[in-house]
Each structure stands twice: as C-alpha cells, then as structure tokens.
Amino acid sequence: MCKDNVESAENGKKTFTLLGADMRPYQSDTPGVFGGYQRSKLYGRLDCPSALRAIAKGGYVKHRVFFADEQTAISAGFRPCAVCMPEKYARWKKEKKKR
C-alpha cells in the first residue's frame, strides 16, 4: 500500500510515505522507524527477520506500511511483532487477555 520512498519530480528530494494514527498515508522527509503489515495489523523493526523473509519470498511488500514512531503504530491499531519485539508482544498479549 505505502511505498517506502518516492522521489519528488518537482525538487528531486526523496520523501517517504508513512501511515498516521488515523490510518491515512502522508509524505515525510524522514523515513519511518517501524514497518508494519497492514493485513495482520502488526508492526516491528525494519530489520525484523520474519519480515525480511516474507519480503525475500516476494510477498508482504504490497501491504507494507511505515510509521514514524511506535506510538503512531499503536494508535493506528497495530500490535507488536512477536519475532522482533517479543517483550512488547508479550505485554500486548497479556493486556489483550485482561479485556
């Protein structure tokens, strides 16, 4: 859905498409710090082994999104990745069970 970066035709400056807390994409001069998978509503580090494997297999990219920070990903309704963020995932899962 969101491309990682786009070079502006006007000024030749690279911009990055990030997803906001309102789930709307916006352009930023700064790249995202976290990547997410829109179909599963999960987010994680950009170097996540699970995400990198999925990308290498040719999947995932079409529905990949990027976030400026972790709070934005959470506000957009995404959960932490169990592979690259196991402690945060465990906390999220524990909180989910309380509800």
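**Terms for the views.** Buried means under 20% relative accessible area, exposed means over 50%, and partly exposed lies in between. The structure shown in every view is a predicted model.

**View 1. A salt bridge joins Lys 88 and Glu 70.** The side chains of these two residues meet with an N to O distance of 2.7 Å. The pair links distant parts of the chain, with Lys 88 in helix H3 (residues 86–98) and Glu 70 in helix H2 (residues 70–75), 18 residues apart. Glu 70 has a relative accessible area of 18% and is therefore buried. Lys 88, at 33% relative accessibility, counts as partly exposed.

**View 2. A second salt bridge lies within helix H3, between Glu 95 and Lys 98.** The closest N and O atoms of Glu 95 and Lys 98 are 3.5 Å apart. Both residues belong to helix H3 and stand three residues apart, about one turn of the helix. Glu 95 has a relative accessibility of 41%, so this residue counts as partly exposed. Lys 98 reaches 59% and so counts as exposed.

**View 3. Asp 29 and Lys 13 form a salt bridge between two loops.** Their side chains meet at 3.4 Å, N to O. Asp 29 lies in the loop between S3 and S4, and Lys 13 lies in the loop between strand S1 (6–7) and strand S2 (14–19), so the pair ties together parts that are 16 residues apart in sequence. Lys 13 is partly exposed, with a relative accessibility of 42%. Side chains of opposite charge can pair when their charged atoms come close. A search of the whole structure finds four salt bridges, among them the one in this view.

**View 4. Gln 27 makes side-chain polar contacts with Thr 15 and Thr 17.** Gln 27 is placed in strand S3 (residues 25–28). The polar contact between the side chains of Gln 27 and Thr 15 is 3.0 Å, and the one between the side chains of Gln 27 and Thr 17 is 2.8 Å. Leaving out residues up to four places away in sequence, Gln 27 touches Thr 15, Phe 16 and Thr 17. The C-alpha atoms of Gln 27 and Lys 14 are 9.9 Å apart, and the two residues are separated by 13 residues in sequence. With 48% relative accessibility, Gln 27 counts as partly exposed.

**View 5. Ser 28 is a buried residue of strand S3.** The relative accessibility of Ser 28 is 14%, so this residue counts as buried. A polar atom of the Ser 28 side chain lies 3.0 Å from the backbone oxygen of Thr 30. Apart from neighbours within four places in sequence, Ser 28 is in contact with Thr 15, Phe 16 and Leu 18.

**View 6. Phe 67 belongs to the largest nonpolar core.** This core has 16 residues, and Tyr 43, Phe 67 and Phe 78 touch the most other members. Strand S4 (34–37), strand S5 (42–45) and strand S6 (64–67) each supply at least two residues of the core. Residues up to four places away in sequence aside, the contacts of Phe 67 include Leu 18, Leu 19, Val 33 and Phe 34. Tyr 43, Ala 73, Ala 76 and Phe 78 are also among the residues that Phe 67 touches.

**View 7. Cys 81 and Cys 84 are not joined to Cys 48 by a disulfide.** The structure holds zero disulfides. The cysteine sulfur closest to that of Cys 81 belongs to Cys 48 and is 3.7 Å away, too far for a bond because a disulfide needs sulfur atoms within 2.5 Å. For Cys 84, which is in no disulfide, the nearest cysteine sulfur is that of Cys 48, at 3.6 Å. Cys 81 is buried at 7% relative accessibility, and Cys 84 is buried with a relative accessible area of 8%.

**View 8. Met 23 and Lys 41 have positive phi values.** Met 23 is not a glycine, yet its phi is about 70°. This residue lies in the loop between S2 and S3. Met 23 is partly exposed, with a relative accessible area of 27%. Lys 41, also a residue other than glycine, has a phi near 55°. Lys 41 lies in the loop between S4 and S5 and, at 29% relative accessibility, counts as partly exposed.

Key
Residues numbered from 1 in each chain as written. Predicted model: local features only at pLDDT ≥ 70, side-chain atom pairs only at ≥ 80, totals over all residues. Heavy atoms only, no water. Core = buried A, V, L, I, M, F, W, Y, C linked by side-chain atoms within 4.5 Å. Buried < 20%, exposed > 50% of the residue type's maximum accessible area, 1.4 Å probe, protein only. Helix = DSSP H or I, 4+ residues; strand = E, 2+ residues; numbered from the N terminus. Contact = heavy atoms within 4.5 Å. Polar contact = N/O pair within 3.5 Å; in protein donor to acceptor, adjacent residues only side chain to side chain.
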